[in-house]
Amino acid sequence: MLRIHGRGLRIGVVVRDPVLARRVVEAARSHGFKPVWVLSPEELPLGIEVVVHEGPVDLPPGLTGVAVQRADDPTTVLLRALYLVASRRPGRLEVAIDPGSRSGAVFVRGGVLLCSGVFNGNAELLEAVRSVSISVGEEPSVFYVGSTSDNSTSELIEALRSSFPNSRLAIIPEGPMRDLRVPEGLKGDELDAYFIYLRAVSLRA
């Protein structure tokens, strides 16, 4: 299951339908966002970074938003909203993977951690990558895979190359990195995957 990392991001929820608004606000809080529910764009307070809105609206200058309807999964909508914020920075979608019987993965855009998860088997992991790619409208530019001698890693690499032929793949030495601040809530395989991402960034610098 994917976890979205809202990191205290202030988002506006411009939704008149109270049932839909409650679903979006509750989902936003569960993923670490700080939602502000209003009925019109004019009521949005200062400091809002992105807006989730119901139908076409005229947003204040400089604000972008994502439309939501009752049939939508609020988590997917929130991922799109976070992606909009991350897209203001240079960079492409990157995925770091800590391979194993349970593979941890983190999805990063422009240095911003979008989401993470732990997956049982390659099929589950590949489906998660496809789901994120469809949600944000971008396939990963690169996969960073932690180096192990396990045969399952070779199978994963082949599966990634087959499923995402336009993405680059890099094998990254595993291991923790000292004296670094990491996003709250990351632990276990997800944290190991994030360390792989950080090591990959340090190697390309």
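## A first look at the sheet, its helices and a pocket

In strand 10, Ile-171 is the bridge partner of Val-145. That pair is a good way into this predicted model, as it belongs to an open sheet of 6 strands. The points below start with the sheet, then turn to the helices, one loop residue and the largest pocket.

**The sheet**
- Strand 9 (residues 142-146) and strand 10 run parallel to each other, paired over 5 bridges.
- Across the whole sheet, the strand order is 1-8-7-6-9-10, and the pairing is mixed.
- Strand 1 (3-4) and strand 10 (168-172) stand at the edges with a single partner strand each, so one side of each has no neighbour in the sheet.

**Helices on the sheet**
- Helix 2 (residues 74-86) lies across strand 1, strand 7 (102-109) and strand 8 (112-120), and runs at about 140 degrees to strand 8.
- Helix 5 (residues 188-204) also packs on the sheet, where it touches strands 1, 6, 7, 8, 9 and 10.
- The direction of helix 5 makes about 125 degrees with that of strand 6 (93-98).

**A residue to look at: Arg-7**
- Arg-7 sits in the loop between strand 1 and strand 2 (10-14).
- Most residues other than glycine have a negative phi.
- Arg-7, however, has a positive phi, near 55 degrees.
- With a relative accessible area of 46%, Arg-7 is partly exposed.

**The largest pocket**
- The largest pocket holds about 220 Å³ of space.
- Arg-7 is one of its lining residues, and others include Arg-3, His-5, His-31 and Glu-184.
- By class, the lining has 2 nonpolar, 6 polar and 3 charged residues.

Notes: Residues are numbered from 1 along each chain as its sequence is written. This is a predicted model: local features need pLDDT of at least 70, side-chain atom pairs count only at pLDDT 80 or more; totals for chains, interfaces and linings use all residues. Side-chain values use heavy atoms; hydrogens and water are left out. Two strands pair if DSSP finds at least two bridges between them. Helices (H or I, at least four residues) and strands (E, at least two) are DSSP runs, numbered from the N terminus. Contact means heavy atoms within 4.5 Å. Axes are lines fitted to C-alpha atoms, for helices over the stretch in contact, and angles run from 0 to 180 degrees between N-to-C directions. Buried means under 20% relative accessible area, exposed over 50%, partly exposed in between (1.4 Å probe, protein chains only). On a 1 Å grid over the protein atoms alone, a cavity is a set of points where a 1.4 Å probe fits but cannot get out, and a pocket is an open set with protein on both sides within 12 Å along at least five of seven lines; lining residues have an atom within 4 Å of a point. Grid points are joined across faces, edges and corners, and a volume is the space filled by probe spheres set on the points. Ala, Val, Leu, Ile, Met, Phe, Trp, Tyr, Cys and Pro count as nonpolar, Asp, Glu, Lys and Arg as charged, and the others, Gly among them, as polar.
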